[in-house]
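User: I should like to learn how to read burial, overall form and salt bridges in a structure. Could we work through an example together?

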Amino acid sequence: MTDKATITTTASIAPPRQFQQLIDGEWVGALEGRTFNDMNPFSGEVFAEIPASGEADAQRAIDAADKAFPAWAAMGARARQALFLKAADVLERRADEIVLLMAQETGSAAPFSRFQVQWAAGLLRQAAGYPYLPGGEIVASDTPGVFAMAVRKPLGVIGGISPWNGSLALGFRTIVAPLACGNTVVLKPSEDAPVCAGLLMGEIMTEAGFPPGVLNVITHAPGQVGPIADRLFESRKVRAYNFTGSSATGSLLAARAGKQLKRIALELGGYNPMIIFKDADLDYSVDTAIFAAFFHQGQICMNTRKILVERPLYNEFLDRFVARAKTVQPGDPSDPRTKIGPLINDQALANVRKGVDEAVAKGARVLAGGGNQGRCFEPTVLVDVPADAPIHCEEVFGPVVLVEPFDSEDEALEKANGTQFGLSASVMTADVWRGVTLGGRIQAGMVNVNGPTMGGEPQIPFGGVKDSGWARFGRWAIDMFTDLNLVTVSQARRHYPL
Ligand code: NAD
């Protein structure tokens, strides 16, 4: 066991750094003493040594969260608010160091990392107001003398499972709303970002003064999520889950949660269309499409995967878009001048390569990119992708985008909806009402008229439909992480039929 004061993530300390996990306010190794190497996706070097936990560690974390719950749920609004505000300050104070950590652990280049820091600080400050929101409402009763109240109550222990891709923003999104609603949390970050999607949350909340056990963070080696997942899903002490990740994993975990009749918030994958009408501003459409398709090297759930262009504009758009795509080059994310970096690991590289190769084998043409240097995959533009190529409607998590022409609004809509996903969409047009009405017919949780498919402010009702999940963040998350309890008071004696 090590005192938390001796733990450091200071970026000036050369990798590989050694980390511990957070259970009941203590920084500890895995009970069996095992560790694993967390790799830098750009350099291929070891970034950090991380505890490789198992079932017993998960049980300790669950017990700690369960023990901390009653006092945390009862803490006054002012005290709780102060902690979230302090956490935002701590995060901002450490911004430069954290941006470097994200580069080294997840390959995130500075523009996306800086965005994540600012977003997470905003999330913490907004959640600081949750304890002051109305805790329920008065309900009219038909029974004379009965006073009825619907009261919001925290659920208890929440199991948080975070992904690696928007590591810092999504690590915080996994814990902040549950905590602000009065729950305690066991956070299990992705094995590809145990520091930036998990242990950093532990450090920041601990420094801000969150009581021991309110947030616990446990880590595991690649391929060894099973025992921790078993504990999290089988323990009756864990009342609900907050999951962000792939639709395949989300489906599996929804079944596990459902078996125990527990709720699970799901934020899953996307296959996000951008529709460009012939009256759209061409330069702006090209700028928007480049950003939306290739930011964070295509590893954001909201990246544009398919661009649909009305035929009169198609050739000119394609020429300009392809020319611009060729100028966006991935590089070392630790260099502040780099705009996009590498894919997260070799499996991700293989998946992207496979998606492109399968499409090409079926007749698609590569107009830009298609190559890679190490894990850096070039921004890639595909046309003539046949409908039976998986990439035609399935998420390939990398800098690859399809471009297709369309002749009518109905055709654009059919193509936009021709996927099982439904996270985000965008419509580019000079006719805003056309954008709004068409947007209403697109099967997506979020539609942006004259903006990119990526929309990122902490207060929006973020979330998808269909295979993209059903959770909603912003203040709507309060519904997910509280129960609504009815309390009645009979102010006079009541008369019964028996
Ligand atoms: P993933 O599903 O592989 O992993 C997500 C998390 O689930 C990780 O912590 C992982 O360890 C855990 N996990 C995997 N198998 C598990 C199991 N059997 N039991 C318990 N936990 C398990 O996803 P990823 O590769 O980390 O993230 C990329 C995916 O997430 C993409 O599909 C992307 O679109 C999606 N995503 C969605 C959103 C959103 O808000 N909708 C945001 C970011 C990423």
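Analyst: We begin with a definition: a residue counts as buried under 20% relative accessible area, as exposed over 50%, and as partly exposed in between. D66, with a relative accessible area of 30%, is therefore partly exposed. Please note that the model is predicted.

User: What share of the 498 residues of the protein chain counts as buried?

Analyst: Under that cut-off, 55% of the 498 residues count as buried. The surface that the protein chain exposes comes to about 20200 Å², and carbon and sulfur atoms supply 54% of this area.

User: How many helices and strands does the secondary structure of the protein chain comprise, and why may the chain be called as compact as a globular protein of that length?

Analyst: The chain has 14 helices and 22 strands. Its radius of gyration is 24 Å, close to the 23 Å that the globule rule gives for 498 residues, so the chain is as compact as a globular protein of that length. Along the principal axes, the C-alpha atoms fill a box of roughly 75 × 60 × 40 Å. Among contacts with a separation of 6 or more, 73% come from residues 24 or more positions apart.

User: How many salt bridges does a search of the whole structure find, and which parts does the pair K237 and D66 tie together?

Analyst: A salt bridge requires a side-chain nitrogen of Lys or Arg within 4 Å of a carboxyl oxygen of Asp or Glu. The search finds 32 of them. One joins the side chains of K237 and D66, at 4.0 Å from N to O. K237 lies in the loop between helix 7 (226-234) and strand 11 (238-244), while D66 lies in helix 1 (residues 55-74), so this pair ties together parts that are 171 residues apart in sequence. K237 is partly exposed, at 34% relative accessible area.

User: Where do D407 and R311 lie?

Analyst: The side chains of D407 and R311 meet in a salt bridge of 2.8 Å, N to O. D407 is in the loop between strand 19 (400-406) and helix 12 (409-416), and R311 is in helix 10 (residues 311-325); the pair therefore ties together parts 96 residues apart in sequence. D407 is partly exposed at 48%, and R311 is partly exposed at 42%.

User: In which helix do E358 and K354 lie?

Analyst: Both lie in helix 11 (residues 346-361), four residues apart, about one turn of the helix. Their side chains meet in a salt bridge of 3.7 Å, N to O. E358 is partly exposed at 26%, whereas K354 counts as exposed at 52%.

User: Which residues are linked in a network of salt bridges?

Analyst: K306, E404, E411 and K415 are linked in such a network.

Definitions and conventions:
Residues numbered from 1 in each chain as written. Predicted model: local features only at pLDDT ≥ 70, side-chain atom pairs only at ≥ 80, totals over all residues. Heavy atoms only, no water. Helix = DSSP H or I, 4+ residues; strand = E, 2+ residues; numbered from the N terminus. Rg over C-alpha atoms; globule rule 2.2 N^0.38 Å. Buried < 20%, exposed > 50% of the residue type's maximum accessible area, 1.4 Å probe, protein only. Contact = heavy atoms within 4.5 Å. Areas by Shrake-Rupley, 256 points an atom, 1.4 Å probe, with all protein chains shown as cover.
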